[in-house]
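Hi,

Here is the structure I promised to pass on. Have a look at it first, and then read my notes on the side-chain contacts below.

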Amino acid sequence: MTTIDEDRPEVAPDALGTPTSASLPVDLRTSLSPEPPAKRRSPAVWLSDRWADPGKRKVTIGWLLLAASLVVYFFVAGIPWSLDWVFIYITAGLVISSLGTGVKWKSLLIDWLPLFLVLTVYGLLRGYAAHPLWGPFVKPQVWFDSHVFGGVAPTVQLQKWLYTPGLHFWDYLCWCCYMSHFFVSFIIAGVLWKTNHAKFRRFVPLFVAMTFAGYVTYVLYPAMPPWMASQTGHLGSVTRIIPLVLDHMHLHTGAAIFTGGNKFDNNIAAMPSLHGGYPMLICLFFWKGSSARKRVLLAAYPICMAFTLVYTGEHFVIDIFMGWLYAATTFYFGSKLLDRWEARQLRRRQVTGPIDSEPPPDVEVSSLPSSSAPLAT
């Protein structure tokens, strides 16, 4: 039986039988009309609002101090490309972003300790790189690049096509892509730590595992990059472009590091290319669930990095292929192990979870319903 609401106001239809907005009640028209867009606040008003809140004020002051320290560092020593300094600044950013709600120091230490240990091991291997037990190797890389790509190594061919004395705009673009290696992975880890801790706890083990695998390979297979192979007569003329860009930008400290004037450079750690491996790991990690536009960016990053490394003479193509292989292997098997670990943790929480085995002290046991008795509804 259908009921009719006699109090409902009649709505006059238009010529097609559809009710018009003019015939709707005033209150209904008001509720259906789109809300006016919110007015944008000026930077002064936004800053004033943040300054009025004590927690946000601490965060704002912290970011301003961090930005000032970066400016001072840039004019004194150039870009903080060193992984140690990047780690310090990322940690400082995490602490500053947590000032408003309180810094969880224990969680910060436990979560970021593996990355710190990786950087420490990297520092130890840098010293080893100057005195390898054997090698460095170069002939297998030269043979692969030359024979697979028609008899001429891709680095030599690209520089014949694109490089001439005097830098071009694409040299600076390649430099930007190359330098992103020292920042992107740590920035991603920092953002995940603040916004998606579950993903952070998966990203960091994969990053650490692949990095450690790369470092072990450096010890067992020290390998020359193309620019060094050219200097030793194993390859045609190759110019190392990255330090030239640094010199042209008056970042002479960074250029000295790349050209061997600093003990922190590892010039024979080319196989596998972690420069190529990290972008591939990032691509694989974020691929699932990403939109089509994001996938284009994810795929473009390792491709652009590969071109940069080959063109600038920093890596052979085989180095990059091995870096991609390390990334794919780490992601596949690492994800399997992490899935098992998470499933085990879930089962453990289900078994040892908190159970209220005793009734409240003011209730008699006999008065409680039996587990087999039906519950009253």
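F200 counts as buried, because its relative accessibility is 1%, under the 20% cut-off. Do bear in mind while you read that this is a predicted model. W112 counts as buried too, at 4% relative accessibility.

I bring up these two because they belong together. A search of the whole structure turns up 15 aromatic pairs, and W112 with F200 is one of them: the ring centres are 5.4 Å apart and the planes meet at 45 degrees, which makes the pair tilted. In sequence the partners are 88 residues apart, with W112 in helix α5 (residues 105-129) and F200 in helix α10 (residues 197-220), so this contact links distant parts of the chain.

Now set F321 and W324 beside that. Their ring centres are 6.0 Å apart with the planes at 45 degrees, so this pair is tilted as well. What separates F321 and W324 along helix α16? About one helical turn, because they are three residues apart in that helix, which covers residues 317-352. As for cover, F321 is partly exposed at 37% relative accessible area, and W324 is partly exposed at 25%.

One more item on the aromatic side: F186, F203, F207, Y278, F285 and F286 come together as one aromatic cluster.

On to the charges. Side chains of opposite charge can pair when their charged atoms come close. How many salt bridges does the structure hold? There are four, and here are some of them.

R202 is the residue I'd click on first. Its side chain meets that of D339 in a salt bridge, at 3.1 Å from N to O. This pair links distant parts of the chain, with R202 in helix α10, D339 in helix α16 and their positions 137 residues apart in sequence. R202 also forms a salt bridge with E342, where the closest N and O atoms are 3.1 Å apart. Here again R202 lies in helix α10 and its partner E342 in helix α16, so the bridge ties together parts that are 140 residues apart in sequence.

Is R202 buried or exposed? R202 is buried, because its relative accessible area of 17% falls under the 20% cut-off. Its partners are another matter: D339 is partly exposed at 40%, and E342 is partly exposed at 34%. Through shared partners, the salt bridges join R202, D339 and E342 into one network.

Another of the bridges brings together the side chains of R240 and E314, at 2.9 Å from N to O. R240 sits in the loop between α11 (226-231) and α12 (241-248), whereas E314 sits in the loop between α15 (292-311) and α16; the two are 74 residues apart, and the pair links distant parts of the chain. Both ends are buried: R240 has a relative accessible area of 12%, and E314 has 5%.

Last, the surface. K336, R340, R344, R347 and R348 form a positive patch there. K336 is found in helix α16, and with a relative accessible area of 44% K336 is partly exposed.

If you only have time for a few views, I'd start with the W112 and F200 pair, then the network of R202, D339 and E342, and then the positive patch that includes K336.

Cheers

Methods: Residues are numbered from 1 along each chain as its sequence is written. This is a predicted model: local features need pLDDT of at least 70, side-chain atom pairs count only at pLDDT 80 or more; totals for chains, interfaces and linings use all residues. Side-chain values use heavy atoms; hydrogens and water are left out. Rings of Phe, Tyr and Trp (its six-membered ring) pair if their centres lie within 6.5 Å; planes under 30 degrees apart count as stacked, over 60 as edge-to-face and the rest as tilted. Helices (H or I, at least four residues) and strands (E, at least two) are DSSP runs, numbered from the N terminus. Buried means under 20% relative accessible area, exposed over 50%, partly exposed in between (1.4 Å probe, protein chains only). Patches are made of residues with over 30% relative accessible area and no salt bridge: like charges are joined within 9 Å, nonpolar side chains (Val, Leu, Ile, Met, Phe, Trp, Tyr) within 5 Å. Accessible areas come from the Shrake-Rupley method with a 1.4 Å probe; for residues, only the protein chains shown count as cover. Lys and Arg count as positive and Asp and Glu as negative; His and the chain ends are not counted. The place of a charge is taken as NZ of Lys, CZ of Arg, CG of Asp or CD of Glu.
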